[in-house]
Amino acid sequence: MSGVMEHVDVAVPIRTVYDQWTQFEAFPRFMEGVHEVRQLTDTMTHWTVEIAGVKREFDAEITEQLPDERVAWRSTEGTRQAGVVTFHRLDEGHTRVTLQLEFEPQGVVEQAGDKLGLVDRRARADLDRFKQFIERRGQETGAWRGTVDRPTP
């Protein structure tokens, strides 16, 4: 497994930032290569992505969600990946968003891209686009404030 860890500081209050992040169907507006995300249930999403010309579809399960703190997920089929996004209040009007992602590169192209740092750069660019998106809007497009408890081992 390979991993990425990136963060971005956003000039928006934590509740607004968190609420926007829970709007998974809006991800194509700021995530490169993400064509569609469909929210199937409170804890299941279906993704259609294209990376380096390779189109993939997969389902991901939200394994933990705590309002204004974190959203964690893992893929349930296909390429193995898991991650967590955490939200940290810097002050009343600023929030740090931290992304940790683990994934298993498939094939020569993805393995080469991983070794060249392309995944790290894409994650950084996606977070920067998220920052621009939410700071321009100043408010979320929607919100889901429900809690998903971490599964017990």
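The legends below accompany an overview and several close-up views of one predicted model.

**Figure 1. Overview of the predicted chain and its elements of secondary structure.** The chain contains three helices and seven strands, and when these are read from the N terminus on they follow the order β-α-β-β-β-β-β-β-α-α. Along the principal axes, the C-alpha atoms occupy a box of roughly 45 × 30 × 25 Å. The radius of gyration of the chain is 15 Å, which agrees with the value near 15 Å that a compact globule of 153 residues would have. Of the 153 residues, 41% count as buried, and among the contacts between residues at least 6 apart in sequence, 53% join residues that are at least 24 apart.

**Figure 2. Surface and charges of the chain.** The accessible surface comes to about 8,400 Å², and carbon and sulfur atoms account for 49% of this area. The chain carries 20 positive and 27 negative charges, and the mean position of the positive charges lies 3 Å apart from that of the negative charges.

**Figure 3. Trp 21 and its two ring partners, Phe 30 and Phe 130.** A pair of aromatic rings is described by the distance of the centres and the angle of the planes. The structure holds 10 aromatic pairs. In one of them, the ring centres of Trp 21 and Phe 30 are 6.2 Å apart and the planes stand at 40°, so this pair is tilted. Trp 21 also pairs with Phe 130, in an edge-to-face arrangement with 4.9 Å from centre to centre and 75° between the planes. This second pair links distant parts of the chain, since Trp 21 belongs to helix α1 (residues 14-21) and Phe 130 to helix α3 (residues 118-137), 109 residues apart. Trp 21 counts as buried because its relative accessibility is 4%, under the cut-off of 20%. Phe 30, at 2% relative accessibility, counts as buried, and Phe 130, at 0%, counts as buried as well.

**Figure 4. The cluster of aromatic rings that includes Trp 21.** Ring pairs link Trp 21, Phe 24, Phe 27, Phe 30, Trp 47, Phe 58, Phe 130 and Phe 133 into a cluster. Two members of this cluster, Trp 21 and Phe 130, form the edge-to-face pair that links helix α1 with helix α3.

**Figure 5. Ile 14 in helix α1 and the residues it contacts.** Ile 14 is found in helix α1, and with a relative accessibility of 16% this residue counts as buried. When neighbours within four places in sequence are left aside, Ile 14 is in contact with Asp 68, Phe 87, His 88, Arg 89 and Thr 95. Gln 132 lies 118 residues from Ile 14 along the chain, and the C-alpha atoms of these two residues are separated by 15 Å.

**Figure 6. Ser 75 in strand β5 and the residues it contacts.** Ser 75 lies in strand β5, which covers residues 70-75, and at 11% relative accessibility this serine counts as buried. Leaving aside neighbours within four places in sequence, the contacts of Ser 75 are with Phe 58, Asp 59, Ala 60, Arg 80 and Gln 81. One of these residues, Phe 58, also belongs to the cluster of aromatic rings that contains Trp 21.

Terms used:
Residues are numbered from 1 along each chain as its sequence is written. This is a predicted model: local features need pLDDT of at least 70, side-chain atom pairs count only at pLDDT 80 or more; totals for chains, interfaces and linings use all residues. Side-chain values use heavy atoms; hydrogens and water are left out. Helices (H or I, at least four residues) and strands (E, at least two) are DSSP runs, numbered from the N terminus. The radius of gyration is taken over C-alpha atoms; the globule rule is 2.2 Å times the number of residues to the power 0.38. Buried means under 20% relative accessible area, exposed over 50%, partly exposed in between (1.4 Å probe, protein chains only). Contact means heavy atoms within 4.5 Å. Accessible areas come from the Shrake-Rupley method with a 1.4 Å probe; for residues, only the protein chains shown count as cover. Lys and Arg count as positive and Asp and Glu as negative; His and the chain ends are not counted. The place of a charge is taken as NZ of Lys, CZ of Arg, CG of Asp or CD of Glu. Rings of Phe, Tyr and Trp (its six-membered ring) pair if their centres lie within 6.5 Å; planes under 30 degrees apart count as stacked, over 60 as edge-to-face and the rest as tilted.
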